[in-house]
Structure formats: structure tokens, C-alpha cells
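Student: I have a structure to go through with you. Could we take it one question at a time?
Tutor: Happy to! Let's look at it together.

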Amino acid sequence: MLCERCLSRGIIRKADICDHIIPIKTDWDKRLDWNNLQSLCQNCHNEKSEIEVAERKNK
């Protein structure tokens, strides 16, 4: 499986993590929704998580 974010930028990288597109901390009801999942590499997952944490702090 490939990282979806990298692939959208033309980079081919192996995915390491199955990530919730909408975080479960934001919408618990989407935790089991298959359409709310994406494959990410560790780097993209870390970047996405940092942004989400910063957004939650700013609310």
C-alpha cells in the first residue's frame, strides 16, 4: 500500500499507518467509517498530527 499524501505529490512511498482523515477526537462517530481512512507514511502522519494538535489548541 502507498502513502496517499505522497502519491498526490507524485512521490511513491510505502504507507506505514492507517489514519483517520477526520480525527476521532473531532468526530467519534467516524471512527469505524471506512471512508474516513487513508494510508499514510510515518512522515505524513506526523505532519498531519502536528497540524491537528495545533488546531485543537487554538480553539
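Student: Is leucine 7 buried, partly exposed or exposed?
Tutor: Keep in mind that this is a predicted model. Leucine 7 sits in helix α1, which covers residues 4-8. Its relative accessible area is 44%, and the middle class lies between the 20% and 50% cut-offs. Leucine 7 is therefore partly exposed.

Student: Which residues form a nonpolar patch on the surface, and about how much accessible area do they have together?
Tutor: Leucine 7 belongs to this patch. The members are Leu2, Leu7 and Ile12. Together they have an accessible area of about 290 Å².

Student: What about the chain as a whole: which pattern does it follow along the sequence?
Tutor: Start with the elements: the chain has two helices and two strands. Read from the beginning of the sequence, their pattern is α-β-β-α.

Student: Where does serine 39 lie, and is it buried or exposed?
Tutor: Serine 39 is part of strand β2, residues 37-40. Apart from neighbours within four places in sequence, its contacts are Met1, Leu2, Cys3, Glu4, Ala15 and Ile17. The relative accessible area of serine 39 is 8%, so this residue is buried.

Student: Which residues make up the largest nonpolar core?
Tutor: A general tendency helps here: in soluble globular proteins, nonpolar side chains tend to be buried together. In this model, cysteine 3 is buried at 0% relative accessibility, and cysteine 41 is buried at 2%. Both belong to the largest nonpolar core, whose five residues are Cys3, Cys6, Leu40, Cys41 and Cys44.

Student: Why is there no bond between the sulfur of cysteine 3 and the closest cysteine sulfur?
Tutor: The closest cysteine sulfur to that of cysteine 3 is in cysteine 6. A disulfide needs the two sulfur atoms within 2.5 Å. The pair is too far apart for a bond because the distance is 3.7 Å.

Student: And how many disulfides does the structure hold?
Tutor: Cysteine 41 gives another example: its sulfur is 3.6 Å from the closest cysteine sulfur, in cysteine 44, and that is too far for a bond. For the structure as a whole, the number of disulfides is zero.

Student: What share of the contacts with a separation of 6 or more comes from residues 24 or more positions apart?
Tutor: Cysteine 3 illustrates contacts across the sequence: beyond residues up to four places away, it touches Arg13, Lys14, Ala15, Ser39, Leu40, Cys41 and Cys44. Over the chain, the share from residues 24 or more positions apart is 50%.

Key:
Residues are numbered from 1 along each chain as its sequence is written. This is a predicted model: local features need pLDDT of at least 70, side-chain atom pairs count only at pLDDT 80 or more; totals for chains, interfaces and linings use all residues. Side-chain values use heavy atoms; hydrogens and water are left out. Helices (H or I, at least four residues) and strands (E, at least two) are DSSP runs, numbered from the N terminus. Buried means under 20% relative accessible area, exposed over 50%, partly exposed in between (1.4 Å probe, protein chains only). Contact means heavy atoms within 4.5 Å. A nonpolar core is a set of buried Ala, Val, Leu, Ile, Met, Phe, Trp, Tyr and Cys residues joined through side-chain atoms within 4.5 Å. Patches are made of residues with over 30% relative accessible area and no salt bridge: like charges are joined within 9 Å, nonpolar side chains (Val, Leu, Ile, Met, Phe, Trp, Tyr) within 5 Å. Accessible areas come from the Shrake-Rupley method with a 1.4 Å probe; for residues, only the protein chains shown count as cover. A salt bridge is a side-chain nitrogen of Lys or Arg within 4 Å of a carboxyl oxygen of Asp or Glu.
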